[in-house]
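Visitor: I am in my first year and would like a close look at a single part of this protein. Could you take me slowly through the sheet and the parts that pack around it?

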Amino acid sequence: MTEENGSDEIRSGTVLPARRTDIELVTDDHLTLVGELAEPLDRPAAGTLVTLHPLPTAQGFMDSHVLKKAAARLPALADIAVSRFNFRSVTSPRGTSEGVFGDGVSEGFDLRAAVTDVVDRGLPTPWLVGWSFGTEVVLKHGIEHVEAGTVAGVVLLSPPLHRTSDAELARWAEVAVPVVALVPEHDDFLQPAEAVERFAVAPSVRVVPVAGAKHLWVGERYVRIVLDAIADLVVPGSAPLPTSWPV
């Protein structure tokens with residue numbers, strides 16, 4: 001474990017033990033995307049996340065803090081494998097994904113490549129976890145993976161619904177997997193009351209307001225709320241997650 005101050009308490013900079021593999025995803029339009037897969041260190045995963053990061057043109061990337069902390073903690077604390085990658089054109093310390101920004105349209109190829117990768121690896125019960133712009137990609141393109149039976153559920157963090165039409169939302173009206181939207185009380189783009197209205201065309205989507213939170217989930221309190229919610233959906237009974245290590 002690496003930790004900012006050497007204590008056993010899990011803090012913002014804590015990175016718990018995991019098997020971490022640099023991955024490359026090849027899209028159907030022949031681009032190579034860079035990413036990382038974090039898996040439990042010495043046992044099989046009990047569940048899997050495919051994460052989709054916030055808006056690239058607003059500094060969103062695979063290391064956006066909630067997703068980075070999910071990869072740092074969930075393999076050890078909940079036996080959850082976490083796949084992160086940079087959308088096309090995006091750079092992080094891991095490297096740069098090929099291509100140009102597609103405003104949520106061509107990123108559907110990126111999502112497909114990421115889902116295919118975890119399925120080909122035999123990882124269990126993949127869940128899509130989109131954050132902000134990542135939710136737009138999920139809502140536009142994720143339905144094909146739900147209908148194909150390759151995705152076990154969906155978590156939407158701070159969905160802005162800027163790029164997602166009501167017609168696209170309506171395709172989620174009767175999906176057979178859980179779809180949960182965590183909506184911050186003080187979100188800059190879509191707050192809980194409006195989210196309930198927008199998602200009314202897709203009653204299968206469960207809107208969960210998060211008191212006090214903002215769009216970027218700043219603060220360890222809100223990160224833990226998000227990770228607890230995700231863990232309990234993907235591996236029921238795994239939350240609340242421990243707040244110290246070793247458990």
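Guide: What follows starts with the sheet, moves on to the helices that pack on it, and ends with the spaces and the unusual backbone places. Please keep in mind that this is a predicted model.

Strands of a sheet pair through backbone hydrogen bonds, either parallel or antiparallel. Here the sheet is an open one of eight strands, and when you trace across it you meet them in the order β1-β2-β4-β3-β7-β8-β9-β10, with mixed pairing. At its edges lie β1, residues 19-26, and β10, residues 205-210, each of which pairs on one side only. If direction is ignored, neighbouring strands of this sheet are turned against each other by 20° on average. For one pair in detail, take strand β8 (residues 153-157) and strand β9 (residues 179-184), which run parallel and are joined by four bridges. In that pairing, Leu156 has Ala181 in β9 as its bridge partner.

Helix α2 packs on this sheet, where it touches β1, β2 (32-39), β3 (47-52), β4 (80-85) and β7 (126-131), and its direction makes about 130° with that of β1. Helix α3, for its part, lies across β3, β7 and β8, and runs at about 130° to β7.

These two helices also meet one another. Two packed helices are described by the angle between their axes and the distance between the axes. For helix α2 (residues 107-120) and helix α3 (residues 133-141), the axes come within 9 Å and cross at roughly 85°, which means that α2 is roughly perpendicular to α3. On the α2 side the contact involves Glu107, Gly108 and Leu111, and these meet Phe133, Val137, Val138 and His141 in α3. Sorted by class, the residues of this contact are four nonpolar, two polar and one charged.

Next come the enclosed and open spaces. A search of the whole structure finds one cavity of 30 Å³ or more, and the largest cavity has a volume of about 30 Å³. Its lining is made by Leu49, Thr51, Val66, Leu67, Ala70, Val129, Leu157, Leu227 and Ile230. At least two lining residues are supplied by each of β3, α1 (65-78) and α7 (220-234), and the largest share, three residues, comes from α1. By class, the lining of this cavity has eight nonpolar residues, one polar residue and no charged ones.

The largest pocket, in turn, holds about 270 Å³ of space. It is lined by 17 residues, and those nearest its centre are Pro54, Leu55, Ala58, Ser132 and His215. The lining of this pocket divides into eight nonpolar, seven polar and two charged residues.

Finally, a few places in the backbone deserve a careful look as you follow the chain. In the loop between β1 and β2 you will find His30, which has a positive phi of about 70° although it is not a glycine. In the segment after α7 there is Pro240, joined to Ala239 by a cis peptide bond with omega at about 0°. Pro246 also has its place in the segment after α7, and a cis peptide bond, again with omega at about 0°, joins Trp245 to this proline.

Definitions and conventions
Residues are numbered from 1 along each chain as its sequence is written. This is a predicted model: local features need pLDDT of at least 70, side-chain atom pairs count only at pLDDT 80 or more; totals for chains, interfaces and linings use all residues. Side-chain values use heavy atoms; hydrogens and water are left out. On a 1 Å grid over the protein atoms alone, a cavity is a set of points where a 1.4 Å probe fits but cannot get out, and a pocket is an open set with protein on both sides within 12 Å along at least five of seven lines; lining residues have an atom within 4 Å of a point. Grid points are joined across faces, edges and corners, and a volume is the space filled by probe spheres set on the points. Ala, Val, Leu, Ile, Met, Phe, Trp, Tyr, Cys and Pro count as nonpolar, Asp, Glu, Lys and Arg as charged, and the others, Gly among them, as polar. Axes are lines fitted to C-alpha atoms, for helices over the stretch in contact, and angles run from 0 to 180 degrees between N-to-C directions. Angles under 35 degrees count as roughly parallel, over 145 as roughly antiparallel, 65 to 115 as roughly perpendicular and the rest as oblique. Contact means heavy atoms within 4.5 Å. Two strands pair if DSSP finds at least two bridges between them.
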